Amino acid sequence: MAFFPTPETRWHPQTDTGALKASAVRFILACARRSIQTRGVFHIVLSGGNTPRPVYESLRESRADWRAWRVWFGDERCLPSADPERNSRMALDALFAHVPLPQRYFYAISAERGALNGAFAYAKLLQDVPEFDLVLLGLGEDGHTASLFPGGDTGGAFNAQAALPIFNAPKPPPERVTLSAARLSLTRQALFLVSGESKRAAVARWRAGENIPAARIAPRSGVDIMFDAALVRHPAGGGPAASAS
Ligand code: 6PG
């Protein structure tokens, strides 16, 4: 029996993608400052996909204390490590090849070794980090997040493995490595970035209380979701934007 606690879910409507990008950058840097002031280090889990890329690119200009950052990944595609479709490649190209983060603190998932070996190796690495400071996540059209897809084992039980092999992802490539819902929930803060008309249905299902994979990320402090306000207006463009409830 998997246990999916219902987290506090804070919805932050954004007027457009520029506002979403600026809000996300402020949120990430504030979290980094707090973590580094308190614990001397900032453990962040990056999301893959396209939505976060402009946020990562904007972070290049920030005066972050990069040497205190520890960069992890929520999931990775089983492709060669230099493949442009890799989430680690996107993060390097967009941000980390341009700032002084020591390479030893960039923890890519070794998904090029295959889903099983990659998941096993990453789960071992994660043993050294009891709790992340910030987990960034996206939302798929079907309600997936990271590489936790509907109908699959999202690893929500407390005793779930930290990292799971995925062999049949509906979003290509089919073979991936993902952190489990339970491991992604071991974080002080979690921020979802949701943008694009294609996410309308998934947002509506989530807000209606459906147990989509994204809803299974349940940190003690709840989750924050920054999303296009238009996604909760009627497609005809009528109706009020969501309140930031
Ligand atoms: C991946 C991501 C995935 C992504 C969502 C949203 O490897 O593809 O981890 O979970 O965040 O599919 O993707 P977009 O931001 O491109 O819409």
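Buried means under 20% relative accessible area. Tyr-56 has a relative accessible area of 1%, so this residue is buried. The model behind these values is predicted.

**Around Tyr-56**

Tyr-56 belongs to helix 2, which spans residues 53-59. Which residues does Tyr-56 touch, once its neighbours within four places in sequence are left aside? They are Leu-46, Ser-47, Met-90, Ala-91, Ala-94, Leu-95 and Leu-136. Leu-92 sits 36 residues away from Tyr-56 along the chain. The C-alpha atoms of that pair are separated by 9.3 Å.

**The nonpolar core**

In soluble globular proteins, nonpolar side chains tend to be buried together. Here the largest nonpolar core has 75 residues. Trp-69 and Phe-96 have the most contacts inside it. Helix 1, residues 17-39, gives the most to this core: nine residues.

Trp-69 has a long list of partners beyond its neighbours within four places in sequence. Among them are Ile-28, Leu-29, Ala-32 and Ile-36. Phe-42, Ile-44 and Ala-64 are also in contact with Trp-69. Phe-96, Leu-101 and Tyr-105 complete the set.

**The largest pocket**

The largest pocket has a volume of about 510 Å³. Its lining holds 30 residues, and the closest to the pocket centre are Gly-48, Gly-49, Asn-50, Arg-77 and Lys-171. Three elements give two or more residues to the lining: strand 4 (75-77), helix 3 (87-96) and strand 5 (132-137). What is the make-up of the lining, counted as nonpolar, polar and charged residues? It divides into eight nonpolar, 13 polar and nine charged.

**Two backbone features**

A cis peptide bond joins Pro-172 and Pro-173, with omega at about 0°. Pro-173 lies in the loop between strand 6 (163-166) and strand 7 (176-179). Is Pro-173 buried or exposed? Its relative accessible area is 16%, so Pro-173 is buried. Leaving aside neighbours within four places in sequence, Pro-173 is in contact with Arg-77, Cys-78 and Leu-79. Arg-77 is also one of the residues closest to the centre of the largest pocket.

Ala-146 is the other case. Its phi is positive, about 50°, although Ala-146 is not a glycine. This residue is placed in the loop between strand 5 and strand 6. Ala-146 counts as buried because its relative accessibility is 15%.

**Cysteines**

A disulfide is a covalent bond between the sulfur atoms of two cysteines. How many disulfides does the model have? The count comes to zero. Cys-31 has 1% relative accessibility, so it counts as buried. Cys-78 counts as buried too, because its value is 17%.

**Two glycines**

Gly-18 is found in helix 1. At 36% relative accessibility, Gly-18 counts as partly exposed. Gly-209 lies in the loop between helix 6 (200-207) and strand 9 (223-228). What is Gly-209, buried or exposed? Exposed, because its relative accessible area is 60%; the cut-off for that class is over 50%.

**Distances across the chain**

The table sets separation along the chain beside C-alpha distance for four pairs.

| Pair | Separation in sequence | C-alpha distance |
|---|---|---|
| Gly-18 and Val-55 | 37 residues | 9.5 Å |
| Tyr-56 and Leu-92 | 36 residues | 9.3 Å |
| Gly-209 and Ala-163 | 46 residues | 26 Å |
| Pro-173 and Arg-63 | 110 residues | 35 Å |

Gly-18 of helix 1 appears in the table with Val-55, at 9.5 Å. The cis-bonded Pro-173 appears there with Arg-63, at 35 Å.

Technical notes:
Residues are numbered from 1 along each chain as its sequence is written. This is a predicted model: local features need pLDDT of at least 70, side-chain atom pairs count only at pLDDT 80 or more; totals for chains, interfaces and linings use all residues. Side-chain values use heavy atoms; hydrogens and water are left out. On a 1 Å grid over the protein atoms alone, a cavity is a set of points where a 1.4 Å probe fits but cannot get out, and a pocket is an open set with protein on both sides within 12 Å along at least five of seven lines; lining residues have an atom within 4 Å of a point. Grid points are joined across faces, edges and corners, and a volume is the space filled by probe spheres set on the points. Helices (H or I, at least four residues) and strands (E, at least two) are DSSP runs, numbered from the N terminus. Ala, Val, Leu, Ile, Met, Phe, Trp, Tyr, Cys and Pro count as nonpolar, Asp, Glu, Lys and Arg as charged, and the others, Gly among them, as polar. A disulfide is a pair of cysteine sulfur atoms within 2.5 Å. Buried means under 20% relative accessible area, exposed over 50%, partly exposed in between (1.4 Å probe, protein chains only). A nonpolar core is a set of buried Ala, Val, Leu, Ile, Met, Phe, Trp, Tyr and Cys residues joined through side-chain atoms within 4.5 Å. Contact means heavy atoms within 4.5 Å.
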